[in-house]
Amino acid sequence: MDVLHNFGVEWQLLLAQVINFLVIFYLLKRFLYKPLFNLLKKRADAIKEGVKQAEEGKKALDEALVKEKKLIKEAQDTARKIIADAREHGTQLAKEIEDRAKKQTDRMIEEAKVQIAREAKLAEQQLNKHVAEISIEMLKKSLGSVFGEKEQSEIVSKAVKTLQKSN
Amino acid sequence: MINKKKLQNLVSESYKDGQLDSETVNMLADHMNRQTLKQYISSLKQTEKKKQVTITSPRSLNEADKKALQDLFPKKKIMYILDPEMINGIQITDNDKEFEINLNRTFNDIINHLSRYD
């Protein structure tokens, strides 16, 4: 005790201070620390929840990005396939059109050849007929003066004989 | 309607000495209705056609030829027609029988033959 006294510590005062400290400690614990800790705990929980949600969000975002990339790749593949198909179809269509046009042209040429041949044949026939008609017309004109009464009488005699035989 | 036999009798009565008698024809026609008259005229035409021979030639026939033809058809009336287009030949039509030598037609047949088989 003397030692404490020598250092200036009064035990009554120390006791009072201890009691004061305990009272204050109790009061603080009772009315300040507990609500404050609860508040801090709630705040920490909210932050943890926020962090967790942020991580989940980031994860979802990453997944969405991966999905988006995948979808874009699929869309690009599909588009490439469509373009390739369209190109192939276009080439095939162009070939078909060309073939059809060629066939049609060939057919038209053949028809034209047949028609030309037919018309040439017809023209030839008409020319032959015309030549024959002119020849016979000339023959008729020249024969008109050749046949006279004598030839007419011969024909009448022949007709009479023929009809007599048939009667 | 008049039957064929009666009609033939009426047509026979219409002729006197082988010639059509106009008085008889007029008298008969006055007593006929439209339908019978049509049949009577048609029969007369057929009978006239049977009694007539048509001879077509490019020039007039001489008397000897005409006589030869008349001897060939003694009871028929001969009608002569001129057709210079024939060039040379003769066409004799006796009712539905026909005899023909026609140079013009022969030429035309040749032209048709040539144009058909060319």
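Where is N95(B) found? I looked this up first, and N95(B) turned out to sit in the loop between β5 and β6 of chain B. I note early that the model is a predicted one.

**Entry: N95(B) and its hairpin**

I checked the backbone of N95(B) and found a positive phi of about 55°, although N95(B) is not a glycine. I wrote down the background for this: most residues other than glycine have a negative phi. The loop belongs to the hairpin of β5(B) and β6(B), which has two residues between the strands.

Is N95(B) buried, partly exposed or exposed? I found 13 other C-beta atoms within 10 Å, so N95(B) is partly exposed. The cut-off I used is that a residue is exposed with 12 or fewer such atoms and buried with 20 or more.

I then followed the two strands of the hairpin. β5(B) and β6(B) run antiparallel and are joined by six bridges. One pairing I looked up is that of D94(B), whose bridge partner in β6(B) is K97(B).

**Entry: the sheet of chain B**

I moved on to the sheet that holds these strands. The sheet is open, has four strands and follows the order β4-β3-β5-β6 in chain B. The pairing in the sheet is mixed. I reminded myself that strands of a sheet pair through backbone hydrogen bonds, either parallel or antiparallel.

Which strands are at the edges? They are β4 (77-82) and β6 (97-102) of chain B, and each of these pairs on one side only. I also noted the twist, which averages 15° from one strand to the next.

Next I looked at β3 (residues 52-57) and β5 (residues 89-94) of chain B. These two strands pair in the antiparallel sense, over four bridges. I traced two of the partners in β5(B): V53(B) is bridged to D94(B), and T56(B) is bridged to Q91(B). D94(B) therefore came up in both searches, with V53(B) as a partner and with K97(B) as a partner in β6(B).

**Entry: I87(B)**

I looked for another positive phi outside glycine and noted I87(B), with a value near 70°. I87(B) is found in the loop between β4 and β5 of chain B.

Is I87(B) buried or exposed? I87(B) has 21 C-beta neighbours inside 10 Å and so counts as buried.

**Entry: two helices within chain B**

I turned to helix α1 (residues 4-13) and helix α3 (residues 34-50) of chain B. Their axes come within 10 Å and cross at roughly 60°. The two helices are therefore oblique to each other. The crossing of α1(B) and α3(B) is right-handed.

Which residues make this contact? From α1(B) I listed L7(B), L10(B) and V11(B). From α3(B) I listed Q39(B), Y40(B), S43(B), L44(B) and T47(B). By class, the residues of this contact are five nonpolar, three polar and no charged.

**Entry: chain A**

I asked what chain A is built from. Chain A has three helices and zero strands, and from the N terminus on its elements run α-α-α. How much of chain A is buried? Buried residues make up 2% of the 167 residues in chain A.

**Entry: where the chains meet**

I started with helix α3 (residues 149-166) of chain A. This helix lies across β3, β5 and β6 of chain B and runs at about 35° to β5(B).

I then compared α3(A) with α4(B). They pack at an angle of about 10°, with their axes 10 Å apart. α3(A) and α4(B) are therefore roughly parallel to each other. On the side of α3(A), the contact is made by S153(A), V156(A), V160(A), L163(A) and Q164(A). On the side of α4(B), the residues are D65(B), A68(B), L69(B) and L72(B). The contact of α3(A) with α4(B) has six nonpolar, two polar and one charged residues.

How many residues does each chain give to the contact between the chains? I recorded 21 residues from chain B and 21 residues from chain A. On the side of chain B, the elements that give two or more residues are α4 (63-72), β5, β6 and α5 (103-117). The largest share of that side, five residues, comes from α5(B). The residues of the side of chain B that touches chain A divide into 12 nonpolar, six polar and three charged.

How values were computed
Residues are numbered from 1 along each chain as its sequence is written. Chains are lettered from A and ligands numbered from 1 in the order in which they are written. This is a predicted model: local features need pLDDT of at least 70, side-chain atom pairs count only at pLDDT 80 or more; totals for chains, interfaces and linings use all residues. Axes are lines fitted to C-alpha atoms, for helices over the stretch in contact, and angles run from 0 to 180 degrees between N-to-C directions. Angles under 35 degrees count as roughly parallel, over 145 as roughly antiparallel, 65 to 115 as roughly perpendicular and the rest as oblique. A crossing is left-handed if the near helix is turned anticlockwise from the far one by less than a right angle, and right-handed if clockwise. Two residues are in contact if their C-beta atoms, placed from the backbone, lie within 7 Å. Ala, Val, Leu, Ile, Met, Phe, Trp, Tyr, Cys and Pro count as nonpolar, Asp, Glu, Lys and Arg as charged, and the others, Gly among them, as polar. Two strands pair if DSSP finds at least two bridges between them.
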